[in-house]
Each structure stands twice: as structure tokens, then as C-alpha cells.
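Please load the coordinates in your viewer, show the backbone as a cartoon and keep the side chains ready to be switched on. The tour below proceeds by selection, and each stop says what to pick and what is found there.

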Amino acid sequence: MTTDIRVKKTRRTIIQTFLNLLGKMPFKKITVAKIYTEAEIAKSTFYDHFKDKYDLLDQIIQSLSEDFAFEIKQKFSEFNTETILESLTNVFLNLSKNSNALNALLDLHETSITLEFRLRQITFEACKNYLLQQNLNNQFSIDFLAHFYSELSLTSIRFALNNAANPDWVQQQTELMSMLQQDLRAKITSKRL
């Protein structure tokens, strides 16, 4: 049991060290040696957990994507007064407090599956599933609405990450997204065309 706790702690340390480095420097300049040196672990310890920095990146993307997907499914099933866009942004921001690292992860295109691609796919699927259960007026196709919503969600997440230091702007963004969502919802559920 103690070994398991130490293994988990070491894994978290490696991941956090990588994210901290990613928030400060480009991915291409991050080496495995830099990661294990900064994490204060042995080289072999790093390789006990990950094959290389690409494997580490893939596993981080997979983990963030799974957490995001779980939270998004919850938000769409609860659909309350908090807008879904606000929820998506908050969910993503809460996955990590390191906005520089999250921005860097979203910008990375070093692997075949990127975090940006996964978030877009997750939001599209969740939105499409939600819309399929709604009584819509068919003014817009469900695929179009889901794609549009997915793109707007990623833009909203990016804006919040880039402007986290300016709470007034983030609040204005939240209010605007709420208005857009309410207006759109009224328009697509209205029977009048």
C-alpha cells in the first residue's frame, strides 16, 4: 500500500514538473533529463512511469480529456442556470491551475491526438447528444449547432486562460456567453421560424 502511494506521488510529481516546464519553455526544448532533474528523481524512475516525453504528453492529454469528458457529461445532464459555456470553461480551468501550461498544451501539435482536438471532439459529442434529446425547430442542423458550440467553447476556454488575470473581462465573457446561449436556446426551440 505504501509503495502504491509513493508511485502515485512520483507520477504526479513528474507530470507537475513537466507542466511547470511547459508553462515556461517550448515543448521541443524540454528533455527527459530536464524533467527528472527538476523533479529530483532518478532517470530510471522517470522511465518506470513513461517511455519518453511524448508518452508523458499523450498520457496527460488522455487524463485531461477523460476528466473533461466526465465533467461535461455531468454538466449537460444537469443543465441548470449556469450556462454550459461557463461550465466548460470552469471545468477546464479547474483541471489545472497552471494557465500557461494549459495554453501550451492546447497549442501543442507534437502528437497525432492533440488536447485541442480531444476537447473539440468531446464538446461536439456532448452537445450533439444533448441536442438530439431536445425538441428543436430544425432551423439549424444539429451537426452545425454542435460544431458551432464546440468551436465557441474552445474559444471561450482560450479567452479565459489568456485573461485569467483580468477578472472583469472573464466576468464580461461569462455574461456575454450567457446571453448568447439563452438567445440561441430560445431561437432553436421556438416553433415560429
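What follows is a walk through this predicted model, from the overall fold to individual residues.

**The whole chain**

Begin with everything selected and coloured by secondary structure: the chain has nine helices and zero strands, so that, read along the sequence, its pattern is α-α-α-α-α-α-α-α-α. If you then colour by relative accessibility, 39% of the 193 residues count as buried. Among contacts between residues at least 6 apart in sequence, 65% join residues that are at least 24 apart.

**The largest nonpolar core**

Next, select F18, L22, I35, F46, L56 and L105, which are the residues that touch the most other members of the largest nonpolar core, a set of 45 residues. Two or more residues of this core are given by each of α1 (2-24), α2 (32-38), α4 (53-78), α6 (99-107), α7 (115-132) and α8, and the largest share, nine residues, comes from α4.

Keep L56 selected and display its surroundings: leaving out residues up to four places away in sequence, L56 touches I14, I15, F18, I35, F46 and F50.

From there move to I35, which lies in helix α2. Is I35 buried or exposed? I35 counts as buried, because its relative accessibility is 0%, and the cut-off for burial is under 20%. With residues up to four places away again set aside, its contacts are I14, T17, F18, L21, I30, F46, K53 and L56. A distance label drawn between the C-alpha atoms of I35 and Q16, which are 19 residues apart along the chain, should read 9.7 Å.

**A buried loop residue**

Now select F27, whose place is in the loop between α1 and α2. Although it belongs to a loop, F27 is buried, with a relative accessible area of 3%. Which residues does F27 touch, not counting those up to four places away in sequence? They are F18, L22, K53, Y54, L57, L108 and E110. For the last of these, E110, the C-alpha atom is separated from that of F27 by 8.5 Å, while the two residues are 83 apart along the chain.

**A charged residue in α7**

Select E116, which lies in helix α7. At 19% relative accessibility E116 counts as buried, since the cut-off is under 20%. Apart from neighbours within four places in sequence, E116 is in contact with L106, H109, L154 and R158. The C-alpha atoms of E116 and L105, 11 residues apart along the chain, are separated by 8.0 Å.

**Two loop residues with positive phi**

Most residues other than glycine have a negative phi, and the next two selections are worth viewing with that in mind. The first is E40, in the loop between α2 and α3 (43-49), which has a positive phi of about 60 degrees although it is not a glycine; at 72% relative accessibility, E40 counts as exposed. The second is N138, found in the loop between α7 and α8, where phi is again positive, at about 65 degrees, although N138 is not a glycine. With 67% relative accessibility, N138 counts as exposed.

**The pair α8 and α9**

For the last stop, select helix α8 (residues 142-162) together with helix α9 (residues 167-189). Their axes come within 11 Å and cross at roughly 170 degrees, which makes α8 roughly antiparallel to α9. Which residues form the contact between them? On the α8 side, show L145, Y149, L152, S156, F159 and A160, and on the α9 side W169, V170, Q173, M177, Q181, L184 and I188. By type, the residues of this contact divide into 10 nonpolar, three polar and no charged.

Finally, hide α8 and look at α9 alone, a helix of 23 residues that reaches 33 Å from its first C-alpha to its last, close to the 33 Å expected at 1.5 Å a residue. The buried residues of α9 are Q173, T174, M177, S178, Q181 and I188. An α-helix has 3.6 residues a turn, so residues three or four places apart point the same way, and this is a useful thought to hold while turning the helix about its axis.

Conventions:
Residues numbered from 1 in each chain as written. Predicted model: local features only at pLDDT ≥ 70, side-chain atom pairs only at ≥ 80, totals over all residues. Heavy atoms only, no water. Axes fitted to C-alpha atoms, helices over the stretch in contact; angles between N-to-C directions. Helix = DSSP H or I, 4+ residues; strand = E, 2+ residues; numbered from the N terminus. Parallel < 35°, antiparallel > 145°, perpendicular 65-115°, else oblique. Contact = heavy atoms within 4.5 Å. Nonpolar A, V, L, I, M, F, W, Y, C, P; charged D, E, K, R; others polar. Core = buried A, V, L, I, M, F, W, Y, C linked by side-chain atoms within 4.5 Å. Buried < 20%, exposed > 50% of the residue type's maximum accessible area, 1.4 Å probe, protein only. Expected span 1.5 Å × (residues − 1).
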